[in-house]
Amino acid sequence: GLVSMKEMMIKGKKEGYAIGQFNINNLEFTQAILQAAEEEKSPVILGVSEGAARYMGGFITVVHMVKGLMIDYKITVPVAIHLDHGSSFDKCKEAIDAGFTSVMIDASHHPLEENIEITSQVVEYAHSHGVSVEAELGTVGGQEDDIIADGVIYANPQDCAELVSRTDIDCLAPALGSVHGPYKGEPNIGFAEMEEISKLSDLPLVLHGGTGIPVKDIQRSISLGTSKINVNTENQIVATKAIRDLLNSDPDVYDPRKYLIPARNAIKNTVQGKMRDFGSSGKA
Ligand code: G3H
Ligand code: ZN
């Protein structure tokens, strides 16, 4: 059923696996991810960026679509609908009021004190509605331009400890070299910092930019307290490739279902593979 991500993340951290956050962009993404989770008997987090929510119609449309599919597909595994990279208290509140069960407040571009202030405000509102909260520190690459050459700022472990002790967040995303979108070469994840942050607080950690991170790095992250891994781009790539291949092979196709079904299957297969890599299969 529909739940916050608090319980699933605590269980994941305790038992040594991570739950995937798979971003949804439309109906077919949502269908594919829910079916993958049910078949794998895995808990799942549906990530919804503000842009994707806008594309689909709005937060209310998203919640009703997910709830409808969960009934029609008889979904029994735990599912969270999570606002990805929420930009303000108002956006988080809007998502919570629409029925999201989890939100991320991304105030990481603000100075620490402001980040703590905005995050606390979100936690207060979210927790009074049974909604879980993820906060971020540092900068995930590929998302915003920055003075640092590759746009990545590693989260400072002391800042992380401060944010965690002064807010009641449910999980923390310390940016440690991961990048949104494909990596140029091998990712360079700050495992030393990850370990330090894990030791400073007991909170489950979140790894953004899951696309293109090798399985060995995934496993190491999990062993260092990561219990949520976000994946978006990889599903977009496999879905678009399936559509492109089909249209190229058959120029007479005009029924959208003819090319959206292969796209949906590609997403489902990819998500099932991730759930096995992350160790969440069979854990629901
Ligand atoms: O918040 C979303 C994720 O961090 C997705 O990253 O598109 O590189 O898989 P990705
Ligand atoms: Zn992200």
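This briefing covers confidence, the annotated sites, the ligand shell and the nonpolar core of one structure. The model is predicted. Mean pLDDT for the chain is 95, and the complex has an ipTM of 0.99 and a pTM of 0.96. UniProt, in an unreviewed entry, annotates Asp84 as "active site". Under "binding site", also from an unreviewed entry, UniProt lists the pair Asp106 and Glu136. A further "binding site" set runs from Gly181 to Thr233.

**Confidence**

- Of the chain's residues, 97% reach a pLDDT of 70 or more.
- Residues 144-149 stay under 50 in pLDDT.
- For residues 144-149, the model has seven contacts beyond four places in sequence.
- Where pLDDT is low, predicted coordinates should not be read in detail.

**Asp84, the annotated active site**

- The "active site" label on Asp84 comes from the unreviewed UniProt entry.
- Asp84 sits in strand E3, which spans residues 79-86.
- Asp84 is buried, because 25 C-beta neighbours fall inside 10 Å and the cut-off for burial is 20 or more.
- Beyond four places in sequence, Asp84 touches Asn23, Gly47, Val48, Ser49 and Met104.

**Asp106 and Glu136, an annotated binding pair**

- UniProt lists Asp106 and Glu136 under "binding site" in the unreviewed entry.
- They span 31 residues in sequence, but their C-alpha atoms are no more than 5.5 Å apart, so they gather at one spot.
- Asp106 is in the loop that links strand E4 (102-105) to helix H6 (112-127).
- Asp106 counts as buried because 27 other C-beta atoms lie within 10 Å.
- Leaving out residues up to four places away, Asp106 touches His85, Gly86, Ser87 and Glu136.
- Glu136 belongs to strand E5, residues 132-137.
- Glu136 is also buried, with 25 other C-beta atoms within 10 Å.
- Contacts of Glu136 outside its neighbours within four places are Met104, Asp106, Ser108, Ala173 and Ala175.
- Met104 thus appears among the contacts of Asp84 and among those of Glu136.

**The Gly181 to Thr233 binding set**

- This "binding site" listing, from an unreviewed UniProt entry, holds Gly181, Gly209, Gly210, Thr211, Asn230, Val231, Asn232 and Thr233.
- The set is spread over 53 residues of sequence, yet clusters in space, with a largest C-alpha distance of 11.2 Å.
- Gly181 lies in the loop between strand E6 (171-174) and helix H8 (191-200).
- Gly181 is partly exposed, with 16 C-beta neighbours inside 10 Å.
- Gly181 touches Gly142, Thr211 and Thr233, with residues up to four places away not counted.
- Gly209 is in the loop between strand E7 (205-207) and helix H9 (215-223).
- Gly209 is buried, with 26 C-beta neighbours inside 10 Å.
- Beyond its neighbours within four places, Gly209 contacts Val140, Ser178, Val179, His180 and Asn230.

**Shell around ligand 1**

- Ligand 1 is surrounded by 15 residues.
- The closest are His208, Thr211, Asn230, Asn232 and Thr233.
- Thr211, Asn230, Asn232 and Thr233 are also in the UniProt "binding site" listing.
- Strand E3, strand E8 (226-231) and helix H10 (233-249) each supply at least two shell residues.
- By class, the shell has 12 polar, two charged and one nonpolar residue.

**Thr226 in strand E8**

- Thr226 is part of strand E8.
- Thr226 is buried, with 27 other C-beta atoms within 10 Å.
- Aside from its neighbours within four places, Thr226 contacts Ala18, Leu205, Val206, Leu207 and Ser221.
- Thr226 and Val131 are 95 residues apart along the chain, and their C-alpha atoms are separated by 20 Å.

**Nonpolar core**

- The largest nonpolar core has 81 residues.
- Those with the most contacts inside it are Ile33, Val44, Leu46, Val103, Ile105 and Leu172.
- Ile33 contacts Phe22, Ile24, Val44, Leu46, Ile267 and Val271, with neighbours within four places left aside.

Terms used
Residues numbered from 1 in each chain as written. Chains lettered and ligands numbered in written order. Predicted model: local features only at pLDDT ≥ 70, side-chain atom pairs only at ≥ 80, totals over all residues. UniProt positions renumbered as here; feature names shortened; annotations may be inferred. Helix = DSSP H or I, 4+ residues; strand = E, 2+ residues; numbered from the N terminus. Buried ≥ 20, exposed ≤ 12 C-beta atoms within 10 Å, placed from the backbone. Contact = placed C-beta atoms within 7 Å. Core = buried A, V, L, I, M, F, W, Y, C linked by C-beta atoms within 7 Å. Near = placed C-beta within 6 Å. Nonpolar A, V, L, I, M, F, W, Y, C, P; charged D, E, K, R; others polar. pLDDT = per-residue confidence, 0-100.
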